[in-house]
Structures are given as C-alpha cells and as structure tokens.
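Me: Hi! Could you walk me through this one with me? I'd like to start with the ligand.

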Amino acid sequence: MIGAGYVGLVQAVGLASLGHQVVVGEADADRVRKLSSGHVPFEEPGVSDLLERGLRDGCLRFTTDNREAVSGAEVVFIALPTPEADDGRADLSIVDAVVAEIGSSLEPEVVLVFKSTVPVGTTDRVQQEFDAVGATVRVASNPEFLAEGTALDDFLNPSRIVIGARSMATVEMLTSVYEGIEAPHVVTDPVSAEMVKYSSNAYLATRVTFANAIANLCEAVGADVEDVLLGMGHDGRIGHHFMRPGPGFGGSCFPKDTKALTMIARAAGYPFSLLEGVIEVNQAQHRVVVDKVRSAVGGVLQGKRVAVLGLTYKAGTADLRGSPSLEVIRLLQEEGADVAAFDPAVAEAVPGITTVFTALDAVRDADVMVITTDWDEFRHLDMRAVRAAMSGTAVVDGRNLLEPATVRAAGLHYQGIGR
Ligand code: UDX
C-alpha cells in the first residue's frame, strides 16, 4: 500500500484483517512512527483495533521507503492524494512521482492498482508508460467508496467492488485479494471503473444539491421541505437517503471530484452543464445560510455576535477539509460579524476562528445561534439554557436538526432551511 492517509490506512488494516501481508509506504516519517506504535492519526471507528491486531500478528508494517514497501509485493495499491490544482483539475504530480520512484522496484507481473480517485484515463496512461519501457506491470483501477465515520465498515461490507482491468489474470488477482468480503463485483475496463467513482460522487452531490434547491424553493412558496422530502422519499424510485438539506455539501471528495469531473468532461468535448450547475448551486447555498443569519439580526452583521455550532463538514468526523461551516464563518466575518464557534470533535485552534469548549460557551451573549454541522448533540441542546445565555433570540438551523416548536417554546425565533 502506498499512502497511509484515510483511504490507504483503512484499506491496509482491512486487508491485513483478511489475512494478507501488508507493507505500507508513507512519506511522513512522523506518521510512520506513530502508526508503527499503534497510534491512528485520525478518529475512525474500528481502525485502531485492527491496526493493533495487524502489528501484533506481524502482518502489517509501515515504512518511509516506498521501494521497500513494494519489494516482493504481488499487488501494489496506490492511495495517494490527488489534490485540486488551481484550475480545478486533479493534480497528479504526487502519483506520477511515486509511480516513477517505485517503477524499477516492482516485481514482474505485479498488479499496480489505483485505489484513490484519479482522473479518467490515468490507469491506461500509466499502463502505456510501463509498456513503453517493456515492464510487465499490470495496471488496474479499483476505486474506493468509503465515507468518513463509517470507513472500516464500508471496507468490510462494501456496496460493491469495482475492478477495472485489461486482463482476466489481473481481475482474478484482485478478486482473490478481496476473498472473504461479500459484495457484488463489477468487472469492467479501467476507464469505466474510473468513471464509476466520479459518477457516484457526482450523483450523490447532485442529490444533496437537489434537496437544497427544493428547500430554497419550498421557502419561497411557503412549503415545508421536510414534509416535501418525506412525501417524495416514499416513492421507492426516490428514497429518503442522502437528501438532507443543509449548508451545501463539503468534505475532501465531493467538492474536488465534482469540479474535476466537469474539467474531464470539458476536455472530452462534453461540457457537463448539469454538474456545473450543481457546483454553482452548492456554493450559493453557503450564502443562503449567511443571508438568513444577516436577516435574523436585522440586516447588518457588522459587530453582531454570532455563535456557530459545528466546524466539521459533517457529523462523525473531525475533518475540516472543504467544510461549508468554515465558508459560512468566513463570509460572516467578511461582513464584520464576531464569531465564536464550537465543535464537539475539534479541540485544537482553527486559524482565524475563535473556538470555545461547549455549545453554551459559544451562545453566551450571542445575537444569533447558527447550526452548520449535523452533530446529534445539537439536537439535544437545552433551548431554555440557550435562550438564557444568549443576548438575542435568533436561531438559524442550517441542518434542520431542531424541532421548531421546542425552539419557539423557549422564546427563540427559529429559521431552518426550507421549512
Ligand atoms: C463521500 C462519499 O459518500 C464516499 O462514497 C466517497 O468515497 C467520498 O466522499 P464523505 O465525504 O466522507 O464521503 O461524506 P458524505 O457522508 O458522503 O457527505 C458529503 C457531504 O454531503 C457532507 O458535507 C454532508 O454533510 C453532505 N450531505 C450528505 C448533506 O448535506 N445531505 C445529505 O443528505 C447527505
């Protein structure tokens, strides 16, 4: 496994638990030291236990030397970051540099697998590069679908295993790697496998954005989006999942992958205007929350105390990457608001943001309380205590977590998204 980030580490401990010998190459020496002594650098249920077990049983080890990691390996997974470049494309420089680094240390006939999301065409392009120098490496695509907070479960009980390869021998090798895991296998060519990953994320991001757009429209026409989504969701073709309105989707995948797919589409001569619209509507959704906060405090944010509950991009993770909450805070601060934020998973300081240790600390003397992350504990806030601590009475529930009647009964003014 090359890369001990989110995708690589979860995959590594998961593969070790299936009985494979796993060696992980990771450039960050500090991370290698910590992992080698059983310390997981992020919160993710179950990963720590499997890491300890793998280390103890001797089937898992970490090294800063990628060449050593791949030496003797029958299968090499690439789980490296593909950050967003300035133009929105995925930046492949890390992947390309590592492939060049390990190339000469790979065993004959090794299966080299792209696990992290790479632009459509990357697998075949790298295959051609190996072919051109006469290497017998077989390059394949096997995209990862894990979501933070349920990552290990997503590995052990996946909805599907997608294998994109150009030879049956490669498919058989990858199939054997996942022996013991029950899931439908989708076997296809590498380009299609790469498209499965982007299309899945684009579709889910579109669903969330559709729900947000319907919420905004519900508000404009005087409907309650929660009832509307309930009424829609009973249709088996639609379902209730992944349609919760909020401040817009975020995280390390959706924003990056949707943008990358629009770039891939443009380069391929098919401008994906639907998805471009989704990205635009999603960015506007941050402003929907800010507009509500502004109007809740009388039209001017300058000098207003705003309590923001939630910093992470969703509940169940400490990850701040691509968090709509941070964008909402930035916009509030830009208009002169004085923000105090609380998040149950974020203990350390966040640059440019005043963070406090409890929700009640955040709302103390606040003119308005805003919920931006769907943490369960915010559902159970004592609204009377909130009312007593605040100087104002406005609540903007950016995740529709609270019961409007309970909030109003405490003497507060409630504003949700589309209700
Ligand atoms: C996602 C995909 O689910 C996963 O398959 C892929 O491999 C990586 O990207 P993740 O980013 O961890 O996983 O989070 P996810 O739970 O999908 O949520 C993404 C964003 O959408 C979050 O900001 C979340 O709050 C938002 N969201 C999700 C909503 O606003 N409403 C919903 O109904 C669902």
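Me: Which residues are closest to the ligand, and how many surround it?
Reply: Happy to help! Keep in mind that this is a predicted model. The ligand is surrounded by 18 residues, and the closest are Phe145, Glu148, Arg244, Tyr313 and Arg399.

Me: What classes of residue make up that shell?
Reply: The shell around the ligand has 10 nonpolar residues, 6 charged ones and 2 polar ones.

Me: Which helix gives the largest share of the shell?
Reply: That's helix α9, residues 190-221, with 3 residues.

Me: Ok, what about Phe145 again, which part of it is 2.7 Å from an oxygen atom of the ligand?
Reply: For Phe145, a polar backbone atom is at that distance. Side chains take part too: a polar side-chain atom of Lys197 lies 2.9 Å from a ligand oxygen, and an N or O atom in the side chain of Lys314 is 2.9 Å from an oxygen atom of the ligand.

Me: And how much of the ligand does the protein bury?
Reply: The protein buries 93% of the 670 Å² that the ligand exposes when taken alone.

Me: Cool. New topic: which residues are buried in helix α5?
Reply: In α5, which covers residues 93-102, the buried ones are Val95, Val98, Val99 and Ile102.

Me: Where do they sit when you look down the axis of α5?
Reply: They fall within an arc of 100°, so the buried residues line one face of the helix.

Me: What covers them?
Reply: The cover over the buried residues of α5 includes two helices, α4 (66-70) and α6 (122-132), plus the strands β3 (75-78) and β4 (111-114).

Notes:
Residues are numbered from 1 along each chain as its sequence is written. This is a predicted model: local features need pLDDT of at least 70, side-chain atom pairs count only at pLDDT 80 or more; totals for chains, interfaces and linings use all residues. Side-chain values use heavy atoms; hydrogens and water are left out. A residue is near a molecule or strand if one of its heavy atoms lies within 4 Å of it. A polar contact is a pair of N or O atoms within 3.5 Å; within protein, one must be able to donate a hydrogen and the other to accept it, and residues adjacent in sequence count only if both atoms are side-chain atoms. Accessible areas come from the Shrake-Rupley method with a 1.4 Å probe; for residues, only the protein chains shown count as cover. Helices (H or I, at least four residues) and strands (E, at least two) are DSSP runs, numbered from the N terminus. Ala, Val, Leu, Ile, Met, Phe, Trp, Tyr, Cys and Pro count as nonpolar, Asp, Glu, Lys and Arg as charged, and the others, Gly among them, as polar. Buried means under 20% relative accessible area, exposed over 50%, partly exposed in between (1.4 Å probe, protein chains only). The arc is that of the directions from the helix axis to the C-beta atoms. Contact means heavy atoms within 4.5 Å.
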